[in-house]
Amino acid sequence: MDAFLQGILSLDRRWIYLVLVIVFVFSLIKGRMTNPVVLPPVRQLYTAVEAAPANPGQQKIILVGLDYEAGSLGENGNQTRALLRHLMLSHKRFAIFSITPQGAANGQMMTSDIAGQYGYEYGKDWIDFGYKLPMLSFYKTLIHDIPKAIGQDGRDGRVLTPQNFPIMNGIKSMKDVAMHVEITTYATLDDWISIVQPATKPRLKMGYACTGINVTGAYPYLDSGQLVGLMPGLKGAADYEKLVDAQENALYRAGKIKARFDPYAPAQFRLPAPARKLMYTQNAAHLVVLFFILIGNIGLLISLRIRNKKGGA
Amino acid sequence: MVEKETRAPAAHDGPVESPAWIIAIFIFVLAFLVVGVLFHTYAPAQKDFRLWTGLLGLLATVGIFSVLYRENPVFRLFEHIFVGLSVGYGIAAAWFQIMLPQWYYPMMPRSIVGEQGGGMWLLFLALPMGLLFFTVYFPRISWMNRFILSILMGWAAGNALQQFIGSLAPQIVAAFRAPITRYNTEEVRAGLNNITLGGIHIHLWWLVSIVVLTCTMAYFFFSIDHKRAGWVREPAKVGRYFIMIALGTIFGTTVMGRFSLLIERLDTLMNTINLWKGVLAYWFVHHRTFFH
């Protein structure tokens with residue numbers, strides 16, 4: 001018995017990695033779309049985006065920060081796809097930008113791919129503000145003068161004027177931004193919350209799509225009203241995707257769109273499988289981890305009991 | 001007294017392998033890229049270079065993951081490639097997307113750079129000011145570094161104060177919520193957070209919030225000896241459990257996040273393998289050669 005317990009407690013961690021990889025691969029092959037229960041903060045974000053006055057003729061845009069790199073595509077990539085699909089389905093005009101060089105390049109390709117499926121036109125329905133250094137001076141200029149802070153667009157390098165880009169007609173300062181959604185791996189939310197939001201009247205509405213690590217730090221902002229909604233990690237992306245899929249299906253059935261979004265269509269930038277499918281693997285992985293935690297704790301408790309008995313004798 | 005001989009720390013503590021390993025792997029990666037370019041240029045059926053970059057991505061991922069088994073030269077090579085690529089890409093992006101449009105073009109006259117020129121020659125002063133940071137490498141003039149650092153520190157301190165207030169003030173306001181009111185606040189729905197008892201409204205979650213906040217703060221309240229003062233000790237004990245719950249939550253979401261990243265990688269790898277399976281099957285079926 002002792003040898004068995006010792007074996008469990010001193011198990012080489014590489015066996016655990018191997019089991020996890022087998023479970024991951026198997027569940028990815030056999031995986032299917034999950035039907036998650038939508039978290040309230042995700043629904044709040046969806047509702048806020050839906051209500052944002054950024055439709056054609058409303059002279060406002062939604063700002064989307066794609067502040068992440070290839071390393072967090074598993075979470076942020078899926079969040080981006082779900083949000084951009086929603087913006088395009090709801091005919092919201094929007095601008096993307098990034099504080100990371102990779103995020104800017106990937107974001108541009110990603111948005112172009114999705115825009116291609118929804119027939120969204122560059123310069124009229126959406127625009128790429130490109131890569132910007134996350135410096136205080138940038139944020140402070142952005143509050144009062146968006147064209148000055150951005151300078152040129154990120155795709156063609158043309159100056160941001162209404163003549164070059166019709167979407168910029170009437171867009172001067174952050175007052176003309178209906179909402180900002182920050183999709184990020186970094187602590188960039190703090191900059192927006194502490195610099196930009198207090199300086200805009202009325203207070204800038206902000207949504208936050210973060211990685212799993214940052215979720216707990218984001219909830220206080222949600223509770224205080226500094227955030228209007230939250231999309232936490234892959235789970236948040238799956239929830240949002242479910243809401244967007246439902247919206248798309250309704251529009252498709254009503255004949256308002258010709259085709260549904262195809263996540264596997266040829267693309268410049270290939271994103272991972274839909275979040276709702278990846279959540280299947282996530283769930284399987286959690287079960288494996290729970291199993292290992294259980295085994296480890298049982299082994300520890302039994303060994304402690306044996307040691308106590310020996311000590312007592 | 002014998003002084004101990006000081007020795008410069010090694011670059012890494014792992015086993016030192018033959019440089020032949022590094023050279024061999026490097027040549028392999030280089031050859032891989034060359035074949036990829038040739039493939040992209042000459043293969044008639046597959047003009048898509050992303051097929052090749054996908055395969056390179058697969059190799060890089062497997063190379064990085066190989067550290068899970070043990071430290072090895074393949075891992076180190078891809079680690080260095082990753083760091084080098086990130087830095088190189090970052091510098092190029094900073095120049096073309098920041099320095100050129102926001103500094104160089106606005107500074108230069110139109111007669112030199114064309115329509116993009118702004119002629120704001122005062123922007124040139126940014127260059128010597130920026131160079132002051134590098135004086136730290138020259139002992140004789142390193143004192144000049146202090147000018148620019150003092151400006152930066154003062155500027156950062158002022159902004160930090162502003163940011164602190166902008167970020168935390170709404171949260172402090174939000175924390176002051178009455179747990180029991182005689183009026184029905186419209187901002188909360190009926191439920192556990194709005195229980196009505198004879199004209200009094202009890203907001204349970206706000207009550208929980210106050211208890212958790214007080215107990216957690218008590219844990220960090222060291223001005224009074226916890227052993228002697230029970231009114232601090234007992235809430236602090238409870239606060240400790242709340243902290244444990246919070247840390248557990250952070251750890252749990254971190255694990256969940258890491259799994260998501262791994263799942264994405266495996267999904268991408270499987271897609272690449274499937275793509276290549278399809279391409280190879282096509283070649284075999286049509287008896288095609290790679291280059292013709």
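This report describes strands, helices and contacts in a predicted model with chains A and B.

## Strand β1 of chain A

Strand β1 of chain A covers residues 61–67, and 7 of its 7 residues are buried, so the strand is largely enclosed by the rest of the structure. The side chains alternate in direction: I61(A), L63(A), G65(A) and D67(A) point one way, while I62(A), V64(A) and L66(A) point the other way. Residues on both sides of β1(A) are buried.

Two partner strands can be named for β1(A). One of them is β4(A), residues 177–184, which pairs with β1(A) in the parallel sense over 7 bridges. Within this pairing, L66(A) stands opposite I183(A). The other is β2(A), residues 94–98, again in the parallel sense, over 4 bridges. Here L63(A) stands opposite A95(A). Helix α4 of chain A, residues 73–89, belongs with β1(A) and β2(A) to a right-handed β-α-β unit.

## Strand β5 of chain A

Strand β5 of chain A runs over residues 206–210 and is mostly covered, with 5 of its 5 residues buried. On one side are M206(A), Y208(A) and C210(A), on the other G207(A) and A209(A), and both faces are covered.

β5(A) pairs with β4(A) in the parallel sense over 5 bridges. T184(A) of this pairing stands opposite C210(A) in β5(A). β4(A), helix α8 of chain A (residues 188–199) and β5(A) make a right-handed β-α-β unit. β5(A) also pairs with β6(A), residues 229–232, in the parallel sense over 4 bridges. In that pairing, A209(A) has M231(A) as its bridge partner. The chain passes from β5(A) to β6(A) through helix α9 of chain A, residues 215–223, in a right-handed β-α-β crossover.

β4(A) thus appears in two pairings described here: with β1(A) over 7 bridges, and with β5(A) over 5 bridges.

## Layout of chain B

Chain B has 8 helices and 3 strands. Along the sequence their pattern is α-α-α-α-α-α-β-β-β-α-α. Of the 292 residues of chain B, 26% count as buried. Among contacts in chain B with a separation of 6 or more, 34% are between residues 24 or more positions apart.

The strands of chain B form an open sheet of 3 strands in the order β1-β3-β2, with antiparallel pairing. β1(B), residues 180–181, and β2(B), residues 195–197, stand at the edges with a single partner strand each, so one side of each is left without a neighbour in the sheet. β2(B) pairs with β3(B), residues 200–202, in the antiparallel sense over 3 bridges. In this pairing I195(B) stands opposite I202(B).

## A loop residue in chain B

L132(B) lies in the loop between α5(B), residues 126–131, and α6(B). The relative accessible area of L132(B) is 19%, and under 20% counts as buried, so L132(B) is buried.

Leaving aside neighbours within four places in sequence, L132(B) is in contact with M144(B), N145(B) and I148(B). From C-alpha to C-alpha, L132(B) and I148(B) are 6.5 Å apart in space, although 16 residues apart in sequence.

## Where the chains meet

At the interface, 39 residues of chain B are in contact with 53 residues of chain A. The area buried between the two chains is about 4,000 Å², and carbon and sulfur atoms give 63% of it. On the side of chain B, M256(B), F259(B) and I263(B) lose the most area to chain A, together 14% of what that side buries.

The count of salt bridges between chain B and chain A is 0. For polar contact, the rule finds 10 residue pairs across the interface, both residues being at pLDDT 80 or more. Three helices of chain B, α3 (73–107), α6 (145–175) and α8 (230–286), each supply at least two residues of the side that touches chain A. Of the elements of chain B, α8(B) gives the most to that side, with 16 residues.

Note on methods. Residues are numbered from 1 along each chain as its sequence is written. Chains are lettered from A and ligands numbered from 1 in the order in which they are written. This is a predicted model: local features need pLDDT of at least 70, side-chain atom pairs count only at pLDDT 80 or more; totals for chains, interfaces and linings use all residues. Side-chain values use heavy atoms; hydrogens and water are left out. Buried means under 20% relative accessible area, exposed over 50%, partly exposed in between (1.4 Å probe, protein chains only). Two strands pair if DSSP finds at least two bridges between them. A crossover is right-handed if, with the strands pointing away from the viewer, the path from the first strand over the helix to the second runs clockwise. Contact means heavy atoms within 4.5 Å. Buried area is the accessible area (1.4 Å probe) that two parts lose on being put together, summed over both. A salt bridge is a side-chain nitrogen of Lys or Arg within 4 Å of a carboxyl oxygen of Asp or Glu. A polar contact is a pair of N or O atoms within 3.5 Å; within protein, one must be able to donate a hydrogen and the other to accept it, and residues adjacent in sequence count only if both atoms are side-chain atoms.
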